[in-house]
Amino acid sequence: MPNRNFAEWLEQCQCQALANFQRQLVLLVGDACWVKQLLGLTVQTPTKDAWLVFSYHQEIPATINSKHYAQQLGSEHNKILFSCVEGSESSTPDTINLDAFAALSGTLVAGGVMCLWLENPLVQAIKQTDLLSLKYFYQQLLNNKELITLSQNAKQTFPVLKQALPVAPFVNDDFLYQCKTKEQQIAVEHIINVSQGHRNRPLVLTADRGRGKSSALAIACVQLIENNNGVGSEKIDIFITAPHIRALTVFYRQVAFSFAAWGTKFDSVNASKTSITHAFGSITFIAVDRLIQVSDSLNVSLLLVDEAAAIPVPLLTRLTSRFSRVVFSSTVHGYEGAGRGFTVKFQQELQQRVPQWRSFHIDEPIRWCKEDPLENFVFESCLLNAKLAMLPALAGISSNPLLLTQASAQRSRERELCVKQVSAGSLIEDTDLLQQVFAVLVTAHYQTSPNDITLLLDNKAVKLFIATIDNHIVGVAVLLEEGCTENFDIQAIAENKRRLKSQFIPQSLLTHCGFSESFNYQYLRILRIAIHPQYHGCGFGTCFIKQLEKFAKKQRFDFIGASFGANAPLLKFWQDADYQVARIGFTQDKASGEYSALVLSAMSDRGQFFERKIVNEFYHSFDYLLTDEYKGLTPKLVWQILHHCPDKSLPQLSAHQVSSINDFTLKKRQFSHCVKALHYWCVIHCKQAYQPQILLLIERILQKKTLSEVCENHQLTGKKMLNTALVDYISQQHT
């Protein structure tokens, strides 16, 4: 296949795809030299129409960093090569990065071509690979009737293309603001309303890729600025932030187009053209961390946050509290950064902080037509279209978990919950089952992504369990075997010279907690556990865990453990199930915005002895770290942790310290003179039933936050009122 003939065929293919307002998926089957020559990848100088190449193969050099593919989100491409072949010298796993495949496919515009490269035909590739994830993906390709295959060994020169069906230009003059769909117009109006309506009513704008949400942001900006021309009107200063400036390529292109449509001029005040000034306002890009640092000095009329799902939830929450007019825009699938942390975690935060927040979802595509062949394939192969099944209502169980009585919850737990292990092979044979499993995981867990298909199908240490009632899947758990099964180089791990994959618990206990014997035990780590949302609050989660523990004991595991973003209610769930805190991380998790917690429950006698050792060591240092690494923990979480402190790890009050506490409550001595005794008393007191007033003591006494910070958090006027509150509470509780 000469390169020249291919170039002509490719142009014809792109013209046909553009005429149908679609994207085309092409499979290339051949060796690296052939692919390189066919696509003209030997040209060193990049051109405007160059291929975007995602590859690990040494002979097909990538044009983007494989770890930073998410930086392409928000940009547009006409030609993408995605390699499914690993080089012989590659140290990366020889499977497909489905997260990257799904994300990059969304940057391809109508008329674009995405090429997948394989060295062998699909049927042969399916037979040769031992990886079930590849068998699954290749089978999806084989079933794709819209796929065009070009083979190095093909007898014919190029496949004959189907006759294009010309369609009318994808423009409708009936929509305002030069929008291309009714939904995009509504989105623009919602954005404008955030700027001109009531304060503290943020908008969450969501869509799948190619729906025109970034363009909607740009159109709204130009509308606000151009209509801000009244006499005496102040300039409207709009700021936009995103995980990376490249994510705003479409936004700034639309800004220039919309200003041109108005026939007005604007100036770019920096070389990157990301800061725009106009007679009636401005549009300025600012990085998220910088935005938070200088927020008090900025005059922000409207803040736009694009690709918000790729920004850590804590930063999004801080933006909400610091700015009164904010629009958060992002896709909703789980392959972008923090993924479902945006929908699951952040929107819960919004509901608590600004219950009048609004949301709007754009469903109709703009960059390509409905039922686009490439989008359909990506959704199907990456399980992005996995839908949660509706389950029948349980007899005697309220549909609202908040209305559940203790008796009804108990009845629900007593119902027969069938738990069984599911093999990876059965998931391949029954793709409907795979979709049901994935749907439950995606809905209930914010970190589930397309790459979890590889985890479920390929990792031999992974064990998948489903919980069913009347043959309906109500729960899914993904567990991973960990511990010493081989002669690992433990000394190298202890010296931070090596890190082992799939050995999170023993490695954390060794490197973070200093337990050199950690690899002598067998662990079963719960990677994911999810209950169908319809059955939340019915006690099925606890029942599911108890069934998993029976399996662990039968298989002679020493521990079951889990690691998760800790908050007080979630930690309480695990502690109520008899799991002990082994460690709290020092940094906040990117996806959940919370500090990670490691919890363990011993399944064997030898495990119980080691568990006591781990837990005692944790609590001996926990309250000491509250003034430093754990100062950012919420006081409610601190109480929840201390509430389960073993009695042997609690401090003992001396007679002098008891006297100091009495002196403080009688106002004989100042707070600072008695603070050590008060510290010990507060730790001990956390073992008692929860009372909201204890949070004040935790912040002031245990975490030693500043006077101003504590007063602000608890609506106190100053030091005098704070001391009075401390004295009153301790006087009532101290005996």
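**Notes on a helix pair and a parallel sheet**

1. The crossing of H24 and H25 is left-handed (the near helix is turned anticlockwise from the far one by less than a right angle; clockwise would be right-handed). Helices here are DSSP runs of H or I with at least four residues, strands are E runs of at least two, and numbering starts at the N terminus. Bear in mind that this is a predicted model, with local features needing pLDDT of at least 70, side-chain atom pairs counted only at pLDDT 80 or more, and totals for chains, interfaces and linings using all residues. Residues are numbered from 1 along each chain as its sequence is written, and side-chain values use heavy atoms, leaving out hydrogens and water.

2. H24 covers residues 671-685 and H25 residues 694-702; they pack at about 130°, axes 10 Å apart. Axes are lines fitted to C-alpha atoms, for helices over the stretch in contact, and angles run from 0 to 180 degrees between N-to-C directions.

3. Who touches whom? H24 brings residues including Phe671, Leu678 and Trp681, while H25 offers Ile694, Leu697 and Arg700, among them (contact means heavy atoms within 4.5 Å).

4. Now the sheet: 5 strands make an open, parallel one, ordered S2-S3-S4-S1-S5 (a pair needs at least two DSSP bridges). At the edges sit S2 (52-54) and S5 (148-151), each pairing on one side only. Neighbouring strands are turned by 20° on average, direction ignored.

5. S1 (residues 24-29) and S4 (residues 108-118) run parallel, joined by 6 bridges. Val26 stands opposite Cys115 in S4. Helix H3 (residues 98-105) packs on the sheet, touching S2, S3 (77-83) and S4, and its direction makes about 155° with that of S4.
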